[in-house]
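The following dialogue takes up how to read pockets, cavities, sheets and overall form in a protein model. Please consult the sequence and the coordinates as the turns proceed.

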Amino acid sequence: AQRTPSPCPELSSPAVLRAMSSSAGPTPPYTTLAVSRPAPAVTHVEIHRPDKRNAMNKAFWREMVECFSEISEDQDCRAVVVSGAGKTFTAGIDIVDLAGEVLQPRGDDTARISYNIRKTITHFQESFSAIERCPKPVLVAIHGACVGGGVDLITACDIRLCTQDAWFQVKEVDIGLAADVGTLQRLPKVIGSRSLVNELALTARKMYADEAKSSGLVSRVFQHKAALMAGALEMAEEIAGRSPVAVQGTKINLLYSRDHSVEEGLQFMAAWNMSMLQTADLMKSAQASMEKKSPRTVAFAKL
């Protein structure tokens, strides 16, 4: 079994972990998210409804779009960590809060009702597409339950980490619907086995951390939440220490290649780098490498 590297002491210090914990509650103007900057160039977005097991209410779906739209334009941010407050990552959609919107859609006839349902679904889809579209790499730190909409969320992230007690469930068939916010589209791209994806989506069974690791849903498993958060921050800082031109270009091209042929991906890459190679970051990074220095010692310009 692969051994999880222990986080560096300064990252696992109580002060740093407290900085990533938002006991004070959501950060205005948000009512469901606590946003902080625990390290230079790293933004932490914490789902903060611990008393509701971080269930996703109406405000959450709107605030995720607003938050990641801001992060996308924030030149001081180069990497993002997403986590959940309290004892669990998320219980998924808040059925009670959204019952009227989902179960009693507006409209005078079938066409108008259907039109409004479609508008609601695409609005929800945008909440996680905003994460995927964000040019900054997004790491997600999962502990405890990750149910329903939680799986939609994490499959839109770039790097998934979890605790040993984490479990995942594509819950939608249990409540009478097909998952419609991204799981059925992204999970097959994340997990190598189509059979396993189908099994999880059709049976709504729970997947635990070891299976999530072996199937490729997550890349690392940590013993507990404190180690998870320290490890996520350490990884985010490593990413943030590289050239933002290189990092953001890498994310954009990885996403493009996922949905296109190899030849199309190569053509897109050539078109991308014919301009991006003309950056001072390339020489700065090469110089640091020749001097056997970490890229984190280089002062890269904002992007």
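## Reading the model

Q: Which classes of residue make up the lining of the second largest pocket?

A: The lining of the second largest pocket comprises seven nonpolar, seven charged and one polar residue. The classes are fixed: Ala, Val, Leu, Ile, Met, Phe, Trp, Tyr, Cys and Pro are nonpolar, Asp, Glu, Lys and Arg are charged, and the others, including Gly, are polar. The model is predicted, with pLDDT of at least 70 needed for local features and 80 or more for side-chain atom pairs, whereas totals for chains, interfaces and linings use all residues. Numbering starts from 1 along each chain as its sequence is written, and side-chain values use heavy atoms, without hydrogens and water.

Q: How is such a pocket delimited, and which residues lie nearest its centre?

A: Rolling a probe the size of a water molecule over the atoms shows where empty space is left. On a 1 Å grid over the protein atoms alone, a pocket is an open set of points with protein on both sides within 12 Å along at least five of seven lines; a cavity is a set where a 1.4 Å probe fits but cannot get out; and a lining residue has an atom within 4 Å of a point. Points are joined across faces, edges and corners, and the volume is the space filled by probe spheres set on them. Here the second largest pocket holds about 320 Å³. Of its 15 lining residues, C157, D158, L254, L255 and R258 lie nearest the centre. Two or more lining residues come from each of α6 (183–190) and α10 (244–258), and α10 contributes the most, five residues.

Q: How many cavities of 30 Å³ or more are there, and which residues line the largest cavity?

A: There is one cavity of 30 Å³ or more. The largest cavity contains about 60 Å³ of space. Its lining consists of V151, F168, Q169, V170, L187, I191, L200, R205, M207 and L217, which by class are eight nonpolar, one polar and one charged.

Q: Where do F168 and M207 belong in the strand pairing?

A: Helices (H or I, at least four residues) and strands (E, at least two) are DSSP runs numbered from the N terminus, and two strands pair if DSSP finds at least two bridges between them. F168 stands opposite M207 in β8. Strand β7 (residues 167–169) pairs with β8 through three bridges in the antiparallel sense. These strands belong to an open sheet of three, ordered β5-β7-β8, with mixed pairing. β5 (145–147) and β8 (206–208) are at the edges with a single partner strand each, so one side of each has no neighbour in the sheet. The twist averages 20 degrees from one strand to the next, where axes are lines fitted to C-alpha atoms and angles run from 0 to 180 degrees between N-to-C directions.

Q: What is the strand order in the sheet of six?

A: The six strands form an open, mixed sheet in the order β1-β2-β3-β4-β6-β9. The edges are β1 (33–39) and β9 (220–222), each with a single partner strand, so one side of each lacks a neighbour in the sheet. From one strand to the next the twist averages 25 degrees.

Q: How does β2 pair with each of its partners, β1 and β3?

A: With β1, β2 pairs in the antiparallel sense over five bridges; S36 is partnered by H44 and A39 by V42. Two residues separate the strands of this hairpin, and A41 takes a positive phi near 70 degrees. With β3 (residues 79–84), β2 (residues 42–47) runs parallel and is joined by six bridges. There, V42 is partnered by A79 and T43 by V80.

Q: Are β2 residues such as V42 and T43 buried or exposed?

A: Burial is a matter of relative accessible area: under 20% is buried, over 50% exposed, and partly exposed in between (1.4 Å probe, protein chains only). V42, H44 and E46 point one way from β2 and T43, V45 and I47 the other way, all of them buried. Six of the six residues of β2 are thus buried, so β2 is largely enclosed by the rest of the structure. In β1, five of the seven residues are buried, so β1 is also largely enclosed. Across the chain, buried residues account for 46% of the 303.

Q: What is the secondary structure of the chain as a whole?

A: The chain has 12 helices and nine strands. Its radius of gyration, taken over C-alpha atoms, is 20 Å, close to the 19 Å given by the globule rule for 303 residues, so the chain is as compact as a globular protein of that length. The rule is 2.2 Å times the number of residues to the power 0.38. The C-alpha trace spans about 65 × 45 × 40 Å along its principal axes.
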